[in-house]
Amino acid sequence: MNVALKCQAINLDLRPDQVEGLAEIAAKRGVSMALLVGDIVDEYLETERFKTESAQEKRQHIRKPVTLPAVLQAALSGNEIHSRTGTVVDISLGGLKISFSSKDQRHVDLLQKAPSFEIIFKLPDMEEIFSFKCKPVRLDKNVVDVKLGASFEPFDAQDESFKVFRRFLAE
């Protein structure tokens, strides 16, 4: 059943380059500018709520906002390996959130159903490649993107790459 949300119209004063940029992104994604701006506002509100909630963080590990290209690999059935690229948008010692284009919805659904997957990425200004096993935990969908939350499987605290990773998070 399709339920229309009651929306309120507002007027915004934007620079011409902002309007052009929004129109270009909306056209690429095949959505209206109103939907795109609504998703941007939702994302901004979520970020602001996170900042407010960070003071009373309920999570064991505080998340660090990042933008890191990543590759995810999951064994789905038999010897079939499913790979997908995404962007890590926040990370902590406990897990991470990966963003995918909404066009990748079918692939992300497969990843979410996998018991675990491997994520591979590089941290900014480092040559070392990091690879962690993860368990899918949460899936958030909107018109623009799909975000998959995942928890890390246990680390070896004595591993040198774990120490480098922990230092990065502390910065």
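Begin by selecting Phe-117, which in this predicted model stands opposite Cys-134 in strand β5.

Now extend the selection to the whole of strand β4, residues 117–122, and show its side chains, which alternate along the strand. Phe-117, Ile-119 and Phe-121 point to one face and are buried, whereas Glu-118, Ile-120 and Lys-122 point to the other face and are not buried.

Next, add strand β5, residues 129–141, which runs antiparallel to β4 and is joined to it by 6 bridges. Between these two strands, the hairpin has 6 residues, and if you select Asp-125 there you will find a positive phi near 60°.

Turn then to the other partner in view, strand β1, which covers residues 64–75, runs antiparallel to β4 and is joined to it by 4 bridges. To see one pairing in detail, select Leu-72, whose bridge partner in β4 is Ile-119, a residue already met among the buried side chains of that strand.

Leave the strands and select helix α1, residues 16–29. This helix has 14 residues and reaches 20 Å from its first C-alpha to its last, close to the 20 Å expected at 1.5 Å a residue. Just after α1, select Gly-30, which takes a positive phi of about 70°.

Within α1, pick out Val-19 and display its surface: is this residue buried or exposed? Val-19 is partly exposed, because its relative accessible area is 35%, a value that falls between the 20% limit for buried and the 50% limit for exposed. Finally, add Ile-10, Leu-12, Leu-14 and Met-33 to the selection, since together with Val-19 these residues make a nonpolar surface patch of about 430 Å².

Notes
Residues numbered from 1 in each chain as written. Predicted model: local features only at pLDDT ≥ 70, side-chain atom pairs only at ≥ 80, totals over all residues. Heavy atoms only, no water. Patch = residues over 30% accessible without salt bridge, like charges linked within 9 Å, V, L, I, M, F, W, Y side chains within 5 Å. Areas by Shrake-Rupley, 256 points an atom, 1.4 Å probe, with all protein chains shown as cover. Salt bridge = Lys/Arg side-chain N within 4 Å of Asp/Glu carboxyl O. Buried < 20%, exposed > 50% of the residue type's maximum accessible area, 1.4 Å probe, protein only. Expected span 1.5 Å × (residues − 1). Pairing = 2+ DSSP bridges.
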